[in-house]
Amino acid sequence: MPSIVLVAVGLAGGIALAAHRAGSLTPSGALAATIVGSLAMLAGQAWGVYLVLWFVSASLVSRMGVHVKRRRTASVLPPREARDVWQVLANGGVFALLAVWTLWHIWRGGPEPASSGAAIMAASALAAAGADTLATEIGTWLGGTPRSLRTGQAVPPGTSGAVSLAGSLALLAGALGYAGMAAGLDLIDSDAWPVVAVAAAVGALADSLLGAWLQTERWCASCREPTEQNPHVCGSLTTRRRGWTALDNDGVNLLCTVTGATVAGIWYALWH
Ligand SMILES: [Zn+2]
């Protein structure tokens with residue numbers, strides 16, 4: 001058993017270190033990713049491979065068209081930085097808790113949990129975060145001018161709770177893609193992929209709705225435009241216009257994964 005733990009920590013740590021060197025993770029983010037990755041690999045090979053493929057795909061899509069995205073969101077979003085511990089936990093915390101639950105189940109001598117509710121919920125949590133990442137990254141890159149879900153008005157690209165056609169299509173493609181990946185890797189039963197796809201889409205949609213109605217939105221009086229920056233890119237201080245102070249982007253991402261896992265959990269409890 002201890003040698004398996006060493007292999008898992010070594011593999012997860014190596015990937016996290018490479019991501020840190022590539023500028024995707026801060027030191028605290030790399031430490032959190034090592035812990036989440038180790039737990040996933042110990043819970044089962046499919047858990048580990050699914051997490052790694054999710055991480056690689058999310059990192060790649062974040063890097064695509066990065067100069068275009070930076071220019072298009074320059075007045076709305078804070079400068080893009082490497083993911084820290086809170087961003088890693090917001091995306092992977094629910095998945096890690098379900099991996100711990102599965103490990104405990106294995107340790108107690110339960111049956112092989114490949115088809116268990118925990119695996120379906122974990123696959124859905126990450127699929128929701130992945131679908132949301134694809135929607136955000138593709139939307140800010142190729143999505144033209146998005147519209148706010150709350151007001152229906154055109155808003156600057158990068159505004160939380162705004163959607164575009166390209167972003168919405170990317171959301172659906174992501175939900176289907178990650179669900180198919182979970183089934184292909186035998187993390188879930190092959191006939192459970194529609195559940196994961198629906199749960200992922202609902203979770204990513206919840207992310208946009210929370211972004212539109214509850215997430216903190218600031219206002220630059222000089223430029224007369226909404227932003228998440230303070231000070232604004234123009235140098236003026238911004239004021240909080242709406243939203244709940246405690247709910248930042250990490251909080252919204254966490255609720256996205258909780259929603260995905262909950263939808264899948266309800267399905268499992270009622271119909272499995
Ligand atoms: Zn301004």
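The paragraphs below lead through the aromatic pairs, the cavities and several notable backbone positions of this structure. The model is a predicted one, and residue numbers run from 1 along the chain as its sequence is written.

A convenient place to begin is with the aromatic rings. Across the whole structure, a search finds 3 aromatic pairs. In one of them, Trp47 and Phe95 face each other in a tilted arrangement, with 5.3 Å from centre to centre and 50° between the planes of the rings. This pair links distant parts of the chain, for Trp47 belongs to helix H3, which covers residues 45–63, while Phe95 belongs to helix H5, which covers residues 85–107, and the two residues are 48 apart in the sequence. Both Trp47 and Phe95 are buried. They also belong to a wider grouping, in that Trp47, Tyr50 and Phe95 together form one aromatic cluster.

Another pair is made by Trp267 and Tyr268, whose ring centres lie 6.5 Å apart and whose planes meet at 55°, so this pair too is classed as tilted, an angle between 30 and 60 degrees being neither stacked nor edge-to-face. Here the surroundings can be described residue by residue: Trp267 has a relative accessible area of 24% and is therefore partly exposed, and Tyr268, with a relative accessible area of 26%, is likewise counted as partly exposed. A ring can also be accompanied by a charge, as Trp104 shows, for the charged end of Arg108 sits over the ring of Trp104 at 4.8 Å from its centre.

From the rings the reader may turn to the enclosed spaces. A search of the whole structure finds 2 cavities of 30 Å³ or more. The largest cavity holds about 300 Å³ of space, and among the 20 residues that line it, Ala33, Leu51, Trp54, Phe55 and Val88 are the closest to its centre. Several helices take part in this lining, since helix H1 (2–21), helix H2 (27–43), H3 and H5 each supply at least two residues. Of the contributors to the lining of the largest cavity, H3 gives the most, with 6 residues. Sorted by class, the lining of the largest cavity comprises 13 nonpolar, 6 polar and 1 charged residues.

The second largest cavity contains about 60 Å³ of space. Its lining is formed by Val76, Thr159, Ser160, Gly211, Gln215, Thr216, Glu217, Pro226, Thr227 and Glu228. By class, the lining of this second largest cavity has 2 nonpolar, 6 polar and 2 charged residues.

Thr216, one of the residues that line the second largest cavity, can be followed a little further. Thr216 is placed in the loop between helix H8 (193–213) and strand E3 (217–220), and at 18% relative accessibility, which is under the 20% limit, Thr216 counts as buried. A polar atom of the side chain of Thr216 lies 2.8 Å from the backbone oxygen of Trp244.

The remaining stops concern the backbone. The peptide bond that leads from Asn230 to Pro231 is cis, with omega near 0°, and Pro231 itself lies in the loop between strand E4 (225–227) and strand E5 (239–242). Asp186, which is found in the loop between H7 and H8, has a phi near 65°, a positive value in a residue other than glycine. With a relative accessibility of 55%, Asp186 counts as exposed. Arg224 also has a positive phi, near 55°, in a residue other than glycine, and is found in the loop between E3 and E4. Arg224 has a relative accessible area of 63% and is therefore exposed.

The tour ends with a glycine. Gly184 is placed in helix H7, which covers residues 165–184, and with a relative accessible area of 64% Gly184 is exposed. Computed along the sequence by residue number, Gly184 and Gly203 are 19 residues apart, and in space they are 21 Å apart from C-alpha to C-alpha.

Methods: This is a predicted model: local features need pLDDT of at least 70, side-chain atom pairs count only at pLDDT 80 or more; totals for chains, interfaces and linings use all residues. Side-chain values use heavy atoms; hydrogens and water are left out. Rings of Phe, Tyr and Trp (its six-membered ring) pair if their centres lie within 6.5 Å; planes under 30 degrees apart count as stacked, over 60 as edge-to-face and the rest as tilted. Helices (H or I, at least four residues) and strands (E, at least two) are DSSP runs, numbered from the N terminus. Buried means under 20% relative accessible area, exposed over 50%, partly exposed in between (1.4 Å probe, protein chains only). A charge sits over a ring if NZ of Lys or CZ of Arg is within 6 Å of the ring centre and within 35 degrees of the ring normal. On a 1 Å grid over the protein atoms alone, a cavity is a set of points where a 1.4 Å probe fits but cannot get out, and a pocket is an open set with protein on both sides within 12 Å along at least five of seven lines; lining residues have an atom within 4 Å of a point. Grid points are joined across faces, edges and corners, and a volume is the space filled by probe spheres set on the points. Ala, Val, Leu, Ile, Met, Phe, Trp, Tyr, Cys and Pro count as nonpolar, Asp, Glu, Lys and Arg as charged, and the others, Gly among them, as polar. A polar contact is a pair of N or O atoms within 3.5 Å; within protein, one must be able to donate a hydrogen and the other to accept it, and residues adjacent in sequence count only if both atoms are side-chain atoms.
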